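Me: I have a model open on my screen and would like to understand the labels attached to it. Could you take me through the reasoning?

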Amino acid sequence: MLEKIEPIRAASPWHEGELAIQRSLGVVDRMDAPGRNFVRTFMPEQHQQFYPLLPFIVLGAVDPAGDVWASLRAGEPGFMQAPDAHALDVRLPRDPYDPADKGMGDGAAVAMLGIQLETRRRNRLNGTIRRTADDRFAVAVGQSFGNCPQYIQLRDFSFTREPNAPPKAPPVHLDSLDARAKEIIANADTFFVASYVDRDNGERQVDVSHRGGKTGFVHVSEDGVLTIPDFAGNLFFNTLGNFMLNPRAGLLFVDFATGDMLQMTGEAEVILASPEIDAFQGAERLWHFRPRQVIYRPDGSPLRWSFGQAGWSPNSLMTGDWQQTEDRLRAAARAGEWRPFRIVRTRDESATIRSLYLEPADDAGLTSFHAGQHLSIRLKAEGKPIVRSYTLSAAPSDAAYRISVKRDGAVSSLLHRLSSGDVIEARAPAGSFVIDASERRPAVLLAAGVGITPMIAMLRHILYEGLRKRRIRPTWLFQSARSLDERAFDQEITSLVDAGQGKIHLTRVLSQTDGASKGENYDAAGRIDLPLLQSTLPFDDYDFYLCGPRAFMQSLYDGLRALNVADARIHAETFGLSSLTRNLDAGLPTVSKPPANTSVRVIFTDSGKEARWQPGEGTLLELAEARGLSPEYGCRNGSCGSCSTRVLEGEVAYPQQPSFEVGQGEALICCAVPAENDGQALQLAV
């Protein structure tokens, strides 16, 4: 029998710098096929037809000193022609004012970016110059590939002089960024960046690319270092991958209204993790650029551009800015503090649920959070501070916190009476009931009553991230309510489903159908149960998210576990009294020491009081209250973290494991008891 011979697989299409960043995201295997299929050694026919349409080309070249430059050269459409798939002929005279021109001799490596600002179309090409005269050259194609249209602002062009006529003023070589240079950068929503690597085979590979965002998305520090957020893209990482191996960069900023050009060459540094990345909305990485040579070219381009109608890229508008980032960093530094928040708007979502929109009333911004987390708030009732926790119904990308409160009890009734202008206090959002919008496994959101609040946050987040990254996580939302007038967020959910490009599915369930029409107002009568899920969901592997009354969640949890759905695939918001009894997967370790079975002396150090806890007497919070203390709490079951307290000596145990992730050396006293010990006292900072 002949031995099966495995085919020999060619080396990766990506170099080690590109692979390093792909590894950091866990996408090396996923990006192997696109690299082989889309990065071609020839121009496809549509690229051959595209370049002759353009009035300019962006170039990347390396001068004799090894410095890389980005440049923009203009010509009447047709100044570039593709005689075949392997060459691009370019009619451009040498330009002594352009520092990139020194690297464009015969045999030099070059990069080209064809970009049509009026249509958001762009293609990239790199190769080798074959120069036959000073007014023309050809490029032998090394690589050619298309680029997505994200972050390109629409602009229309016109010429103000002949393309090859010299500018009115010569270039100015700057020792550092002056006021005009900083102004161009501060006003920019677009720039171009060149980079290169020398491959192991001796081949030089140059790349030039486009970057876009909101106006001012490039930050300039006092020492002249530029910081640029890197947003979601195609995961090729040509530019940043080059920086990983060769940190030289060339940047080009163009004032589209005046034609002024700012060219810089210097060193780049890629940042894969930092507080700024977490705080800058939409940023997935950052990179720094330290300019070493700066050239300002007044009227450097003969082209002028006007902002097109609806010119902003939707993807650019989904990103943040540096002012918001600084506000968020200040907020992160105060995460453990109570901060004032002003109610800026209220909205009735149903007959029983009202939303409050909250914005900071101090000099910090919103703390970054995850969809599904909750907000602990503090307000006064009858002269006493009361702490409660409510799930955020806003997405992390929204401009304000939003809590949606069901009128059920004294505190919620008080919140329903508040209006715009009123101020409450809040801590940073917390909680582990969160969703990963980038996960490829479909999600099933199961909500009953006010349990829709974390689900609307998750749905908003899934849509935002899906549109930003061009892949919406398949999601099924099952929403049940007692009656039509008690069902919340009808219009909002409908708009999210409509915007979901067929990836978001909705099933509405009513237990009382009076006045409602099936198919128009609801899809099923009764309640959400296993038969409904089985009849609605296509066969697949899902993550389930549950929120609602305890009986609702426990019934669905038990049913899913009976169908062999892994416990790790079932996520539940165990909030308030809605705790969930789990049937853990076999083999999982215990996460808590057992409770003490003898009395334990407990010292509350901040107040100077002590007590003796007896087995079966309740939690440490109840023990503190029995001694006349008033520790803060929000839920009494370990789901909100409001009662987190430093443990100075001794250990605690949890009869039922809390859903909130408690930090090292801390305890959630609302659900904790003393752990087994050898007669040691338990000391708490209360």
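**Reading the labels**

Reply: Gladly, and let's begin with a cysteine: C671 has a relative accessibility of 10%, so C671 counts as buried. Keep in mind that this is a predicted model.

Me: What makes C671 buried?

Reply: The label buried applies under 20% relative accessible area. C671 comes to 10%, so it falls under that cut-off.

Me: Why is C671 not bonded to C670?

Reply: A disulfide is a covalent bond between the sulfur atoms of two cysteines. To be counted here, the two sulfur atoms must lie within 2.5 Å. The closest cysteine sulfur to that of C671 belongs to C670 and is 4.2 Å away, so the pair is too far apart for a bond.

Me: How many disulfides does the rule give?

Reply: The count is zero.

Me: Is C547 buried or exposed, and how do you know?

Reply: C547 has a relative accessible area of 8%, and therefore it is buried.

Me: What is notable about the phi of F237?

Reply: F237 is not a glycine, yet its phi is positive, about 60 degrees. You will find F237 in the loop between β13 (226–231) and α5 (238–245).

Me: Why is F237 called buried?

Reply: Its relative accessibility is 8%, so F237 counts as buried.

Me: Where is F489, and what is its phi?

Reply: F489 sits in the loop between β25 (475–481) and α11 (490–499). It has a positive phi of about 65 degrees although it is not a glycine.

Me: What makes F489 buried?

Reply: Its relative accessibility is 1%, and the cut-off is under 20%, so F489 counts as buried.

Me: How do you know that the span of α10 is close to what is expected?

Reply: Helix α10 covers residues 452–469, which is 18 residues. From first C-alpha to last it reaches 25 Å, close to the 26 Å expected at 1.5 Å a residue. Just after α10 comes R470, with a positive phi near 65 degrees.

Me: What makes α10 mostly covered?

Reply: Of the 18 residues in α10, 15 are buried.

Me: And what share of the whole protein chain is buried?

Reply: Buried residues account for 55% of the 686 residues. The protein chain holds 14 helices and 36 strands, and its C-alpha trace spans about 95 × 65 × 60 Å along the principal axes.

Conventions: Residues numbered from 1 in each chain as written. Predicted model: local features only at pLDDT ≥ 70, side-chain atom pairs only at ≥ 80, totals over all residues. Heavy atoms only, no water. Helix = DSSP H or I, 4+ residues; strand = E, 2+ residues; numbered from the N terminus. Buried < 20%, exposed > 50% of the residue type's maximum accessible area, 1.4 Å probe, protein only. Expected span 1.5 Å × (residues − 1).
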